[in-house]
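Subject: Structure handover

Hello,

Here is the structure I promised to send over. Please open it first, then read my notes below.

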Amino acid sequence: MSIETTITILAVSFIISVILGPIFIPILRRLKFGQSIRTEGPKSHMKKAGTPTMGGVIFLISIIATTIIAGKIFNLFTTQSVVLLLVLVGFGVIGLLDDSIKIVLKRNLGLTSLQKLIGQIVISILAFLLLRLGAFDTSISIPFTEWSIDLGILYVAFLIFWLVGFSNAVNLTDGLDGLVAGTASIAFSAFGVIALFNEQADVAVFTFAVTGALLGFLIFNANPAKVFMGDTGSLALGGALGLVSIIVKEELLLLVVGLVFVIETLSVILQVISFKTRGKRIFKMAPIHHHFELSGWSERKVVGVFWTMALLVAMIAVIAEAYL
């Protein structure tokens, strides 16, 4: 896939998001689809109450449209493209239901954890079955080496764990204006480059469509945010990112490229374990981005530092893949 094609895909998805933003945000506001803020969260976030949520719909539409249109034009719409869109939309629908219930009930709780988990597992299994229709490799690659471990039929369990795990990891990270939109766009673009290394242009079309759409969404989501992506966006992005790493056969590399999401998740796990076993908290608040806020960092500083970290690890991963 040429540089011109890549730039075109990025531009188209970016423009669609920019066009849809002013259309959807007023609609969400009129429907009173405002975010309710956790009372136990940072007090500075209370001013965000009422900001329209479910904005993930904006970039999801852009990603779907760009992937299909570009895929058809450049003859790069494949079964893998369909599976990627299935996971993106499927996990997005789960998030949409979660956001809708929160808004209707006027509380910061939506679907139960079990309900979300069942939905995520079903979609993950469907994705695995569709991938198995082709010559799908069930081995896991060890980053920066030529080694791999073949899991055979057990790969389906790994795929479920990976998609559900990263879907929830990205969801946990979505707590500050522009944090996920920025870090996810970096992660998807990194895997887009890796897909091109592997001559998987169909996957690259999808990843760059996501990147462009998120950059367009950032215009409305950067601090101070005019709209939040909600679970509609974060669950969809996490599931799709996990699947991209699986399709390009660089599963464990996602632990590097998605290091910010991993750290955010580990901070929550460690906080819970510490409190339940010792009765003490490790962080002032988890996920860890709130810890830095309560330590005196401004929201913009936290987001800027996390974006920088995401960019550095993504660059390291891509360079290592290119030369090792």
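What percentage of the 324 residues of the chain count as buried? The figure is 53%. Please keep in mind that this is a predicted model.

**Overall picture**

The chain has 12 helices and 2 strands. In sequence order the pattern runs α-α-α-α-β-β-α-α-α-α-α-α-α-α. The two β elements thus follow four α elements, and eight α elements come after them.

The C-alpha trace spans about 50 × 50 × 35 Å along its principal axes. Is the radius of gyration in line with a compact globule, or at odds with one? It agrees: a compact globule of 324 residues would have a value near 20 Å, and the chain has 19 Å.

Contacts reach far along the sequence. Take those between residues at least 6 apart: 75% of them join residues at least 24 apart.

On the surface, the chain exposes about 14,400 Å². Carbon and sulfur atoms supply 70% of that area. As for charge, there are 22 positive and 18 negative charges, and their mean positions lie 17 Å apart.

**Two helices**

H2 first. This helix covers residues 56-73. It has 18 residues and reaches 26 Å from its first C-alpha to its last, close to the 26 Å expected at 1.5 Å a residue. Its buried residues include Gly56, Ile58, Phe59, Leu60 and Ile63. Ser62, Thr66, Thr67, Ala70 and Gly71 of H2 are buried too. What do the buried residues of H2 pack against? The partners are helix H1 (3-30), H3, H7 and H8.

Now H4, residues 113-131. This helix has 19 residues and a reach of 27 Å from first C-alpha to last, close to the 27 Å expected at 1.5 Å a residue. Buried here are Lys116, Gly119, Gln120, Ile123, Ser124, Ala127, Phe128 and Leu131. Note that a lysine, Lys116, is on that list. The cover over the buried residues of H4 includes H3, helix H5 (155-173) and H8. H3 and H8 therefore turn up in both cases: they pack against buried residues of H2, and they are part of what covers those of H4.

**Backbone points to check**

Which residues does the cis peptide bond with omega of about -5° join? They are asparagine 223 and proline 224. Proline 224 sits in the loop between helix H7 (201-221) and helix H8 (230-247).

Another cis bond runs from alanine 286 to proline 287, with omega near 0°. Proline 287 is in the loop between helix H10 (259-278) and helix H11 (288-294).

There are also positive phi values outside glycine. Asparagine 75 has phi near 60°. This residue follows H2 and lies in the loop between H2 and helix H3 (79-105). Lysine 249 has phi near 60° as well. Its place is the loop between H8 and helix H9 (254-257).

Are these two buried or exposed? Asparagine 75 is exposed, because its relative accessible area is 69% and exposed means over 50%. Lysine 249 counts as buried, because its relative accessibility is 14% and buried means under 20%.

That is the handover.

Best wishes

Note on methods: Residues are numbered from 1 along each chain as its sequence is written. This is a predicted model: local features need pLDDT of at least 70, side-chain atom pairs count only at pLDDT 80 or more; totals for chains, interfaces and linings use all residues. Side-chain values use heavy atoms; hydrogens and water are left out. The radius of gyration is taken over C-alpha atoms; the globule rule is 2.2 Å times the number of residues to the power 0.38. Buried means under 20% relative accessible area, exposed over 50%, partly exposed in between (1.4 Å probe, protein chains only). Contact means heavy atoms within 4.5 Å. Accessible areas come from the Shrake-Rupley method with a 1.4 Å probe; for residues, only the protein chains shown count as cover. Lys and Arg count as positive and Asp and Glu as negative; His and the chain ends are not counted. The place of a charge is taken as NZ of Lys, CZ of Arg, CG of Asp or CD of Glu. The expected span of a helix is 1.5 Å times one less than its number of residues.
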